[in-house]
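Let's take a friendly walk through a protein model, one piece at a time. Have a look at the picture, and then we will go through its parts together.

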Amino acid sequence: MEKKYETMTELPDLTAVSLQEEYFVPEPKDKESFMRLKESTPARLGVWHAGPRYLTQTQLRFRADHAAAQDAVFNMVDPEFIKKAGLKTLKTLCESKDEYLTRPDRGRLLDEESLKWLRENKKEGIQVQVYISDGLSSTALETNGVETMKVILAGLEAEGIKTGEPFYVEFGRVGAEDVVCEETGAEVVCVLIGERPGLVTAESLSAYIAYGAYKGMPDANRTVVSNIHRMGTPAVEAGAHIVDLIKLMLEKKASGLDLNL
């Protein structure tokens, strides 16, 4: 006789609840004050314990957040996402995710086909080149990359600043923007790149902006806007701030430590 099983109810998604809303301390003396403290940080406060161990829910949430961070690093950006955004895909010398993670030097250089495309599609007299790259978080790029880039390009256009055609660089490190700057002849280059994820979010994007970038340029000459995500600086706000920074760089002809903010 065939055995029938009851349908299991769907398990709740632990990551759907903000860490700032979770509080497991039983019979707290002043929960209201503690919750106000939690509003100022995504740290895992008030998790409580079962004997010497974390609560099961706390342990499961930790493992879920760790898995999300790993996925962000090892997953590839969906080609359909890039196609839908209407962007050309350029590549570095890295041929796989493993090579990208173990050979950062190859992630700073573009392959010959990509260099050829840049040279053939170079626009004369551009002031700023903006592009996106996967970096260490495909999740961050897919969540915040294109939206932030659109805000930047719209802001620069409104300011009358000439920009080059945006594109996507696969397996890209921050230093690849030095090659992009040299090949396009732009005064300023801005790459929006996925940052190494932590246990709070895998969606954090950063903008690395440089004036007159060149291969071998020290990182101290780059200006960085980090923590671009829904729990940090939203994409629209970050994009507007980046436009203001680029305007200042063009005016002062400097970036990084040389730029007095």
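Two strands pair if DSSP finds at least two bridges between them. The helices (H or I, at least four residues) and strands (E, at least two) are DSSP runs, numbered from the N terminus. This is a predicted model, in which local features need pLDDT of at least 70 and side-chain atom pairs count only at pLDDT 80 or more, while totals for chains, interfaces and linings use all residues. Residues are numbered from 1 along each chain as its sequence is written, and side-chain values use heavy atoms, leaving out hydrogens and water.

**The sheet**

Six strands make an open sheet with mixed pairing, in the order 1-3-2-4-5-6. Strand 1 and strand 6 stand at the edges with a single partner strand each, so one side of each has no neighbour in the sheet. Strand 2 and strand 4 pair in the parallel sense over six bridges; in strand 4, I193 is the bridge partner of S133.

Here are some strands of the sheet:

| Strand | Residues |
|---|---|
| Strand 1 | 88-91 |
| Strand 2 | 128-133 |
| Strand 4 | 188-194 |
| Strand 6 | 222-228 |

**Helix 6 and what follows**

Helix 6 covers residues 138-158, 21 in number. From its first C-alpha to its last it reaches 30 Å, close to the 30 Å expected (1.5 Å times one less than its number of residues). At N144, helix 6 bends by about 45 degrees, the angle between axes fitted to the seven residues ending there and the seven starting there. Among its buried residues (under 20% relative accessible area, with a 1.4 Å probe and protein chains only) are L141, N144, I152 and L156.

Where does E159 sit? E159 is in the loop between helix 6 and strand 3. At 44% relative accessibility, E159 counts as partly exposed, the class between buried and exposed (over 50%). Not counting residues up to four places away in sequence, E159 touches V243 and K247, where contact means heavy atoms within 4.5 Å. G160, which follows helix 6, has a positive phi, near 75 degrees.

**The cores**

A nonpolar core is a set of buried Ala, Val, Leu, Ile, Met, Phe, Trp, Tyr and Cys residues joined through side-chain atoms within 4.5 Å. The largest has 31 residues, and I132, I152, C190 and I209 are among those with the most contacts inside it. Strand 2, helix 6, strand 4, strand 5, strand 6 and helix 8 each supply at least two residues of this core. Apart from it lies another core of 19 residues, including L118 and F167.
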